[in-house]
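Hi,

Here is the model we talked about, so you can open it alongside this message. Have a look first, then read on.

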Amino acid sequence: MLPRWRRLWVSAAVVIFSWSVAVPPALAQPSAGVAGEEARKNEARAHFQRGLELSDEQAWDAAYAEYVTSIGIYPTKAATKNAALCLRMMHRYAESLDMLESFTHFSNLTPEDRSFADREMRDLKRFVGQLVVNDAVGGAQISVDGGDRGKTPLSGPLRVTAGSHVVRAFKPGFAPFERQLVIAGGQTVTVDVKLEAITQGGRLRVVDQTDSHAQVLVDGAAVGTAPWEGAVGAGTHTAALKGEGALGTQPVSVPVKLNETATITLSPEPLEAQLRVEPTPASAMTALDGVTLGRGVWEGPVRQGDHKVEVADEGFLSSQQNVRLDKGARKVIAVQLERDPNSPLWRTMHPPHIFLEAQAAAPLFPSLGGDLSGGCSGGCSPGFALGVLGQLRAGYELSSGIGFSIDGGYAWVRQSISSRSDSLLPKGGAPDPGTTSDTLTLQGPIVTASASFHRGEKLTWRGRVGIGAWFANVNDSRSGTYSTTTAIGLNPVTGMRGLPPVTYSVSPVSESVGTVYGALVPEFRVGWRLGDSTEVGFGVQALLALPFSAPHWQPNSQQPVVTGNCPTPANNTCVTDGGAVYSTSSLTGSVVVLIAPELSFTYSL
């Protein structure tokens, strides 16, 4: 199966050479004669072919530029369709939807074309929201992410791709209006533009040196044709000219003083390259060649050559890139700013605080180590080590997310080992062979000091490392089945020795050893903030426990067990090897490793 983008380009291939004269009314151009029309077709076809080559390389932005150029020279459904697909691949869903609507205006669409357009448009609408702009004053120039969207009152809602957007409104004589919005797919958001008349400010006059009556842009908004003059607020503004074709000027900075008129004379020049800057976060300020352009996405024509792009926002480390654009080039620069850990913004948003935490975990691991697990072979059946770990934690977290805490809890872990080969040791005789079953339990308080690192807003993550001690009681409860030996076999009634072996069972006996383990507890978890003060988390931690003195089963401290099958009182048919003890053995390994899935609840004071 071909990937989605490849299937789309294959579906477009049926129209590669279909340069129909049927064009949508909005794109149609008057005939310039048969020869002129053929020349335009050839030029448009050349750009279209380059677009196909770039699409095959998944260079979507460059391909889009070729298709748009082809449409501008001679509109065709092939170029329009492929331009819409490029926009989709660049996640510019609202623009892709608009382009597909232009595609449906061609009169020579096949049923397959219409089916394709309907299907794609239905799918795109899932990722497109609507923006309703209300302006009580009227006549304000509206821009979204630096793109001109018309004057108020607008004819209807504006389509925007789901995500963060910066909406601006500009009208001469009024202070600019700016609002940052987050719009989800399928959502309609209303913004009420509130323009305030400038009572104290200055005036800006923009002159076209060539007297070409070019359009004047002030702070990115079209305000009229040159020469133009209007009231603006005191401060620094940008001015630019937009003339016929590629003629225009890049934005320049113009300082305006209170109650004074600032005059700037601009001369249109060929701007034969296109630049688009997409900053993250969307509120970041973009500057081109030292001229501040505004917040959010900026797109516009620039002169060919070298340029400097700067992006900055409060609380983030600024970014600076040098870019070279050749004639006809189109480039998209996506800038992801990194958070500045020393910014007071984050100290305000995440002030230092005390936190309290409760945590429940379920430790597990294949083995606790030691001679018990190490001697389990053949018919022996080792069970998983399973347990419960509960902890309470109190700590202090800095604005940077670094935290320190004291942790206290209780751990209980148990492992069962069945039918391991073993023997009892009668006094003064040969061992009684058999199998032993053990129930090994470790339990006791655990205390650690921890350092952690905590990041994230709604969805968070935390890494932690704790060092301390586990004051454990290690208990081994043993039982088993064994056989007497003919070398000792004795009947206590008759006094007869060397009797044939008998099989007997031993009831559980236990050994408890107090052991201190050094504890290393690394942890990682993700969390979800339920509010300003509470957070729930899920993660995993490891408990690496190293005993200062390894716990052992000690025969000398054990009460001897009675061997054989003699009842009380004994009869003249029973056999015994007398009292016996278990041999010495280590109960846990030199390192006990436990992995514990966990749930946590954190409360910040």
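Below is what I found, from the whole chain down to single residues.

Keep in mind from the start that this is a predicted model.

**The chain as a whole**

By secondary structure, the protein chain has 8 helices and 39 strands. Its radius of gyration is 40 Å, whereas the globule rule gives 25 Å for 605 residues, so the chain is more spread out than a compact globule. The C-alpha trace tells you about the extent too: along the principal axes it spans about 135 × 60 × 40 Å.

How much of the chain is buried? Buried residues account for 46% of the 605. The accessible surface is about 28600 Å², and carbon and sulfur atoms contribute 57% of that.

On contacts, take the ones between residues at least 6 apart in sequence: 66% of them join residues at least 24 apart. As for charges, there are 49 positive and 55 negative ones in the protein chain, and their mean positions lie 3 Å apart.

**Strands 18, 21 and 23**

Strand 21 is a good place to zoom in. It covers residues 305–312 and pairs with strand 18, residues 285–288, in the antiparallel sense over 4 bridges. To find the register there, look for T286, which stands opposite V311 in strand 21.

Strand 21 also pairs with strand 23, residues 319–325; this pairing is antiparallel as well and runs over 7 bridges. Here K308 is the residue to click on, as it stands opposite N322 in strand 23.

**Two cis peptide bonds**

Which peptide bonds should you check for cis geometry? One runs from T152 to P153, with omega near 0°. P153 sits in the loop between strand 3 (147–151) and strand 4 (158–161).

Another cis bond joins T280 and P281, with omega about 10°. P281 belongs to the loop between strand 17 (273–280) and strand 18, and strand 18 is the partner of strand 21 described above.

**Positive phi at H213 and D219**

H213 is not a glycine, yet its phi is positive, near 55°. You will find H213 in the loop between strand 8 (202–208) and strand 9 (215–218). Is H213 buried or exposed? Its relative accessible area is 53%, so H213 counts as exposed.

On the other side of strand 9 comes D219, in the loop that leads to strand 10 (221–225). D219 also has a positive phi, about 55°, without being a glycine. With a relative accessible area of 24%, D219 is partly exposed.

**Three buried residues**

A84 is part of helix 4, residues 77–89. Its relative accessibility is 1%, so A84 counts as buried. What does A84 touch? Leaving aside residues up to four places away in sequence, A84 is in contact with S96, M99 and L100. E101 is 17 residues from A84 in sequence, and their C-alpha atoms are 9.4 Å apart.

S399 lies in a loop, the one between strand 29 (385–397) and strand 30 (402–426). At 16% relative accessibility, S399 is under the 20% cut-off, so S399 counts as buried. P351 is 48 residues away along the chain, but the C-alpha atoms of P351 and S399 are separated by 5.2 Å.

Last, S586, which is found in strand 38, residues 585–586. Its relative accessibility of 11% makes S586 buried. Not counting residues up to four places away in sequence, S586 touches G370, D371, L372, P551 and H552. For a sense of distance across the model, try S586 and S115: they are 471 residues apart in sequence and 75 Å apart in space, C-alpha to C-alpha.

**Where to start**

If you have time for a quick pass, I'd begin with strand 21 and its antiparallel partners, strand 18 and strand 23. After that, go to the cis bond from T280 to P281, then to the one from T152 to P153. The positive phi values at H213 and D219 can follow.

Let me know what you make of it.

Best wishes

Terms used
Residues numbered from 1 in each chain as written. Predicted model: local features only at pLDDT ≥ 70, side-chain atom pairs only at ≥ 80, totals over all residues. Heavy atoms only, no water. Helix = DSSP H or I, 4+ residues; strand = E, 2+ residues; numbered from the N terminus. Rg over C-alpha atoms; globule rule 2.2 N^0.38 Å. Buried < 20%, exposed > 50% of the residue type's maximum accessible area, 1.4 Å probe, protein only. Contact = heavy atoms within 4.5 Å. Areas by Shrake-Rupley, 256 points an atom, 1.4 Å probe, with all protein chains shown as cover. Lys, Arg positive; Asp, Glu negative; His and termini not counted. Charge placed at Lys NZ, Arg CZ, Asp CG, Glu CD. Pairing = 2+ DSSP bridges.
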